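The following exercises invite the reader to examine a protein model step by step. Each task is followed by a worked solution.

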Amino acid sequence: MVADVLSRSALPMKNSNAMMDTSPEDVSGQFQTVPLPESQLSFPGQPYSVSVLKVGYCLPQTDGTFKADGTVTLIEGPKTILVDTGGPWDRDFLLMSLKERGLEPGDVNLVVGTHGHSDHIGNLGLFPTAKLIVGCDISKGDIYHPNTLAEGHVHCVDEHISVVPSPGHTGQDVSVQVKGTLAGTVLVAGDLFECCSDEDSWRDLSMNTQKQEVSRREALRTADVIIPGHGHPFRVIRKL
């Protein structure tokens, strides 16, 4: 995210951490995205619940730089899964957030980095015993496991959790789909979506807009709630 933003610093970008726009975004004739209340960061369910530990942001600065950090999400159930770890500057925050939930880094079974930017995978080193999925790589320790994510195939963690290829922002982005929450299917999307109302900004940050458009439409088709990489969760309404 950060490298993309700086390389396009002359382009206008929406402040994804500004006061939330509560109006729906009509992203096509088929889908509408609706911001959820800023306080709604938890999505309980069975067997998995989803909690946003930190809402990501991207804030343009007066000197032409950007201040940015990625959303950090915890999935708890039969497995404990962390999706994106924030930047290295989030280390103490992340450890404290886990501790507040009675967790230590060794309790985390799986860490998913939605893509390889520093504001999303800056704390992988806190989880040496966890299985890692970073983009299309799956590893545990120094052992890398063959998989078909790069060929566009879904990787099933179990019957409720799937890692879904969602390229475009980079060449190997993935999202995490969680079925069975009270809000329906939740997609932890990384930078597939910057925020709820990102129609004027996501293309400026995309390595491949055509692929990302396809990935976004598939996400809108299948998810009830989307957790974006740099903003609050939002609901998807599919029009009949």
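**Exercise 1. A residue in a loop**

Does D84 count as buried or exposed, and at what relative accessibility?

Solution. The model under study is a predicted one. The first step is to locate the residue: D84 lies in the loop between β8 and α2, the latter spanning residues 91-100. The second step is to apply the cut-off, by which buried means under 20% relative accessible area. The relative accessibility of D84 is 3%, and therefore D84 counts as buried. The third step concerns the backbone: D84 shows a positive phi of about 65 degrees, although it is not a glycine.

**Exercise 2. The overall make-up**

State how many helices and strands the protein has, and which share of its residues is buried.

Solution. Begin with the secondary structure: the protein holds four helices and 18 strands. Turn next to burial: of the 240 residues in the protein, 52% are buried. Consider then the surface, whose accessible area comes to about 10800 Å². Carbon and sulfur atoms account for 53% of that accessible surface. Finally, examine the contacts with a separation of 6 or more: 58% of them are between residues 24 or more positions apart.

**Exercise 3. The nonpolar cores**

Identify the residues of the largest nonpolar core that touch the most other members, and find the elements that contribute to this core.

Solution. The largest nonpolar core contains 26 residues, and F43, I75, I81, V112, I161 and V176 touch the most other members. Two or more residues of this core come from each of β4 (49-54), β8 (80-83), β9 (110-113), β14, β15, β16 (184-190) and β17 (225-228). The largest share, three residues, is given by β15. To see one member in detail, take I81: leaving out residues up to four places away in sequence, I81 touches T73, L74, I75, L110, V112, V157 and I161. Another core lies apart from the largest one; this other core has 15 residues, among them L74, I121, F127 and A130. As a general matter, nonpolar side chains in soluble globular proteins tend to be buried together.

**Exercise 4. A pocket and its lining**

Determine how much space lies in the second largest pocket, and which element supplies the largest share of its lining.

Solution. The space in the second largest pocket is about 210 Å³. Its lining is made of 13 residues, of which V164, P165, E218, A219 and T222 are the closest to the centre of the pocket. Next, assign the lining to elements: β14 (161-165), β15 (174-181) and α4 (209-222) each supply at least two residues. The largest share, five residues, comes from α4. Lastly, sort the lining by character: seven residues are nonpolar, five are polar and one is charged.

**Exercise 5. Two buried residues and their contacts**

Describe the surroundings of G113 and T170, leaving aside residues up to four places away in sequence.

Solution. G113 belongs to strand β9. Its relative accessible area is 1%, so G113 is buried. The residues that G113 touches are D84, I121, I133, V134, G135 and V174. G113 is eleven residues from L124 in sequence, and their C-alpha atoms are 8.5 Å apart.

T170, by comparison, is placed in the loop between β14 and β15. T170 counts as buried because its relative accessibility is 11%. The contacts of T170 are H115, H117 and M207. The C-alpha atoms of T170 and S206 are separated by 6.7 Å, while 36 residues separate the pair along the chain.

**Exercise 6. A partly exposed residue and a cis peptide bond**

Where does Q30 lie, and which residues does a cis peptide bond join?

Solution. Q30 is found in the loop between β1 (25-26) and β2 (31-35). Q30 is partly exposed because its relative accessible area is 42%. Apart from neighbours within four places in sequence, Q30 is in contact with R217, I237, R238 and K239. Between the C-alpha atoms of Q30 and R221 there are 8.8 Å, although the two are 191 residues apart along the chain.

The cis peptide bond joins Q46 and P47, with omega about 0 degrees. P47 lies in the loop between β3 (42-43) and β4.

Definitions and conventions: Residues are numbered from 1 along each chain as its sequence is written. This is a predicted model: local features need pLDDT of at least 70, side-chain atom pairs count only at pLDDT 80 or more; totals for chains, interfaces and linings use all residues. Side-chain values use heavy atoms; hydrogens and water are left out. On a 1 Å grid over the protein atoms alone, a cavity is a set of points where a 1.4 Å probe fits but cannot get out, and a pocket is an open set with protein on both sides within 12 Å along at least five of seven lines; lining residues have an atom within 4 Å of a point. Grid points are joined across faces, edges and corners, and a volume is the space filled by probe spheres set on the points. Ala, Val, Leu, Ile, Met, Phe, Trp, Tyr, Cys and Pro count as nonpolar, Asp, Glu, Lys and Arg as charged, and the others, Gly among them, as polar. A nonpolar core is a set of buried Ala, Val, Leu, Ile, Met, Phe, Trp, Tyr and Cys residues joined through side-chain atoms within 4.5 Å. Buried means under 20% relative accessible area, exposed over 50%, partly exposed in between (1.4 Å probe, protein chains only). Contact means heavy atoms within 4.5 Å. Accessible areas come from the Shrake-Rupley method with a 1.4 Å probe; for residues, only the protein chains shown count as cover.
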